[in-house]
Amino acid sequence: MTQFSIVVPTLNESENIDLLLTQLLALNIPPALYEIIFVDDGSDDGTPEKIRAWQKESNIHLIERTEKPDLTASVLAGAAAAQSDVIVVMDADLSHPPDQLSALVSPVLNNQYDVVIGSRYITGGDTHNWPLYRRLLSRMGGLLACPLCDVSDATSGFFAFRRQLATKVSDQARGYKVLLEILMANVGNLRIKEVPIHFRDRMHGVSKLSLTHQLAYLQRLMALAGGVVSATTAGRFAVVGLLGVVVDALTFQWMISRDAGLALAHFVSFLAAVVFNYTLNTKWAFVQHNAGQLHWRQFSRFLIVGALALLLRGGVLALFVDVWEIPPEFAIFPAIMVAAAINYLGTAFYVFPDEKNVSSPQLRWRVAAIGLILFCVLLRLIYLGVAQLIPDEAYYWQYAQHIDLSYYDHPPLVAWLIWLGTAVLGDNEAGVRIGAFLCNLIAMVFLYALTRNLFNKSTALRALMLFAILPISFATGLLMTPDAPLIAGWVAALYFLERALIAGQQSAWIGAGIAFGIGLLAKYTLALLGLAALIFVLIDPTARRWLRRPHPYLAALLALALFSPVLIWNSQHEWASFLFQTTRHVASDSQFSVHFLLIYCILLLTPAGFLAAIWVLFSRNRQQDEPSQYRKHLFIKIFTGIPFLIFFFFSVFDHPKFHWNGPVWLAVLPAIAWMIDTDTPGRFAQWLQKLWQPTIIACLLGYAFTLHYLVLGIPGIPYSLFTQHYFWRETTAVVAQITDTVRQQTGQEPIIVGMSKWSIASSLYFYNHAHRHLDIRSRNLFGDTSAMYDYWFPAQPPTTRPIIQIAMKPLRLDHIREGDNLPLKNMLIEPGEIRRCVVERNTIPLRHVYYRISSGFKGNTTITEVP
């Protein structure tokens, strides 16, 4: 009885037939158990004759196709003619090792797997005698397909599968990667195994691979992912796009020549091109996918894609004009190209998706996740060097100017990362923020691995999508604050703790110790994971054995060694940082703030994310009844619940800051990602699943709109939302003008005092650092605390140098704090009136700032603190 069939497609392989069959028939497999089916695609070198000469062997057959040569069609024809239900596909050129045949077919015959792939790209596999460009092309093709089908070598031509899987392959399947067709046609329903093989270049003949095959592979891959990418559609879209570029560029140049302003010209030219492209795309390019007009669903999607492309394009335009100082007339072209790419991909995959190719919800989520992740990464990458620093980032940049083992109000890692970034990219926004961007990428790697271990690869991809779009992580991938490295350390610690506590890997404790040590160098909050780990070990019987082993204790010592710079600094400064962090939460008057904590959780997770987190933490499902799944769910509960309970406890007595609880929810993200695309009982869970699409759209539009608003503005919308905490570049220029005036009038160098704890002084410092002609201090000059400014500028003796106070509110120019009994005027010599100055950019009002000029400073010995 025939147990499996070997299908060998051929095209001019006469020199290899004898060698191949000799090796196959020499295997220790009885010939009666298998058949060899050659499918020839019109060879003219005598290949069919060679095969016929072997047909005296009863298990060798030949099929001669007369249609256009196509590898996928050949394999499917051979599978249809097979006498068995298990098919093995291999090349005729001896690049696939026949001695690995049993390793491929046995797991399928034993009903352990549905598909077994001979892989070049897993441990033990390799490629011999291939030129470098062939290796790169093959590896790139596999990497492009990997997120869609969960295998390392989706372009392999050596694999075994169940014959019924071929019946689901689309009639439109073409090309040379039939494995990809089978995997995509059955995505989410397969048991897949990869075994390592040693791939060798062909023995005789020439490769049939060409540039046409490569382009066909990319087109087919996009089509399998649900995109409308036929040659006709792509060609027509390209024509429409080129014409749209002409309309866009001409309109932009005309607007710029009329002094319309960069933002207005960019908006008007884009809208003109969109109307033009919309008309031609619906009436011509994509006419086969609609009735010449868009339905409301398609039209709303068209608007969403257009808005995202416009807002991303604004960042590109600002990058070229403001940072790289390229004239707008030339900068518009790369901006148009980026927007065109976003428009095309969004139109092909979102506005006019080919739903016939994508019947699986899991595959649709995968494609959506890949697109959303890439867009969020690109959005941050473009805007990180364009958007001005917020005061917190400027303050941490000040850290990096005074590099040290630690600091009064935070550990040192944020300063070290900024120092490295600015050493490479310079003292600019990109140099400050590149560390945050890289920390976010590192966190994504560990989150993917953690979710894959807890659930599967599809869920891991959705977890990355959530991480990319939710507020808890989007901001930390853009803004350089201690939360950026904290998030990376937190996720890394979760990954290694799961490997240690759930998988039982001893070596994972080393990684956990490193993650804890580095995370604590970012923020002391990571210590909450240590408490959660202890509670998990005490609760879980399997994990309790680690209490009797040295590995956790060695991990703690390793973390302590990495944390030692903070200990050394504190020992040299009377433990100031530890005292500050432990006493700052003990308010003199209790303030019940649990409601604020819950509001902040909802804002950081979005309402959909918060409700989903509650659902996965408190609901039960059948999977949790399995011991392994129960322990994983317990891991998620403990490592989310314990840190949250700590924050909950403190919020009973004190007001928490908005972002403090963000890392708490990282442990539950994998479970939320699993919940998005699983068959969950109950209307509430199904309603939550439907809520994610509008949530994702709202988040993306919100981020893109805010960044564009800050960088270029939105025509017709005034700057009124960020009057106190942004636009410090322009504010510094105004302060410099005021300083120059006072310097000319008095002949002395004024002292500029930022009347906040550190935000005003730090922002002025950063945007003045290139000139270094301003003497800037903080409010500690008047005797109040100013965090690290107390160490950098500890005292100012009385002076007759002019004092220029800068504040965001007029009250701060008279009193450091509300309720002070002694006005600051008593410490100033001839204090002037409080003045209000409007800060502008290109005649557009941005914000206002308050200042007062005095003739000197008497000293702060007379100030009294109000209890």
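User: Which residues form one aromatic cluster with Tyr395?

Analyst: This is a predicted model. Aromatic rings gather here into one cluster that includes Tyr395. Its other members are Tyr396, Tyr399, Tyr407, Trp758, Tyr765, Tyr789, Trp792 and Phe793.

User: How many aromatic pairs does a search of the whole structure find?

Analyst: A pair of aromatic rings is described by the distance of the centres and the angle of the planes. Rings pair if their centres lie within 6.5 Å. Searching the whole structure on that basis gives 45 aromatic pairs.

User: Is the pair of Phe782 and Phe857 stacked or edge-to-face?

Analyst: The ring centres of Phe782 and Phe857 are 5.6 Å apart. Their planes make an angle of 85°. Planes over 60 degrees apart count as edge-to-face. So the pair of Phe782 and Phe857 is edge-to-face.

User: How far apart in sequence are the parts that Phe782 and Phe857 tie together?

Analyst: Phe782 lies in the loop between strand 11 (775-778) and helix 30 (789-792). Phe857 belongs to strand 16 (residues 856-857). Both residues are buried. The pair therefore ties together parts whose separation in sequence is 75 residues.

User: Are the rings of Tyr789 and Phe793 stacked or edge-to-face?

Analyst: Tyr789 and Phe793 have ring centres 6.0 Å apart. The angle between their planes is 20°. Planes under 30 degrees apart count as stacked, so this pair is stacked.

User: Is Tyr789 buried or exposed?

Analyst: The relative accessible area of Tyr789 is 0%. Buried means under 20%. Its ring partner Phe793, at 23%, is partly exposed. Tyr789, by contrast, is buried.

User: Which residue has its charged end over the ring of Trp728?

Analyst: A charge can sit over the ring of a Trp, as two places show. Arg549 lies over the face of Trp546, at 5.5 Å from the ring centre. Over Trp728, the charged end is 4.3 Å from the ring centre and belongs to Arg847.

User: At what angle do helix 15 and helix 16 pack?

Analyst: Helix 15 covers residues 429-454, and helix 16 covers residues 457-469. Their axes are 8 Å apart. The crossing is right-handed. The packing angle is about 145°.

User: How many nonpolar residues are in the contact of helix 15 with helix 16?

Analyst: Helix 15 brings residues including Ala443, Met444 and Leu447. Helix 16 meets them with residues including Leu461, Leu464 and Phe467. Across this contact 3 residues are polar and 2 are charged, while the nonpolar ones number 9.

User: Why is helix 26 largely enclosed by the rest of the structure?

Analyst: Helix 26 spans residues 669-676. Among its buried residues are Leu669, Trp674 and Ile676. The helix is largely enclosed because its buried residues number 8 of the 8.

User: Which residues is Val316 in contact with, leaving aside its neighbours within four places in sequence?

Analyst: Val316 is in helix 10 (residues 296-323). At 4% relative accessibility, Val316 is buried. Its C-alpha atom is 7.5 Å from that of Pro334, 18 residues apart along the chain. Beyond the sequence neighbours, its contacts are Pro334, Ala335, Val338 and Ile382.

User: What percentage of the residues in the chain is buried?

Analyst: The chain has 30 helices and 16 strands. Its C-alpha atoms fill a box of roughly 115 × 75 × 55 Å. Of the 867 residues, the buried share is 55%.

Notes: Residues are numbered from 1 along each chain as its sequence is written. This is a predicted model: local features need pLDDT of at least 70, side-chain atom pairs count only at pLDDT 80 or more; totals for chains, interfaces and linings use all residues. Side-chain values use heavy atoms; hydrogens and water are left out. Axes are lines fitted to C-alpha atoms, for helices over the stretch in contact, and angles run from 0 to 180 degrees between N-to-C directions. Helices (H or I, at least four residues) and strands (E, at least two) are DSSP runs, numbered from the N terminus. A crossing is left-handed if the near helix is turned anticlockwise from the far one by less than a right angle, and right-handed if clockwise. Contact means heavy atoms within 4.5 Å. Ala, Val, Leu, Ile, Met, Phe, Trp, Tyr, Cys and Pro count as nonpolar, Asp, Glu, Lys and Arg as charged, and the others, Gly among them, as polar. Buried means under 20% relative accessible area, exposed over 50%, partly exposed in between (1.4 Å probe, protein chains only). A charge sits over a ring if NZ of Lys or CZ of Arg is within 6 Å of the ring centre and within 35 degrees of the ring normal.
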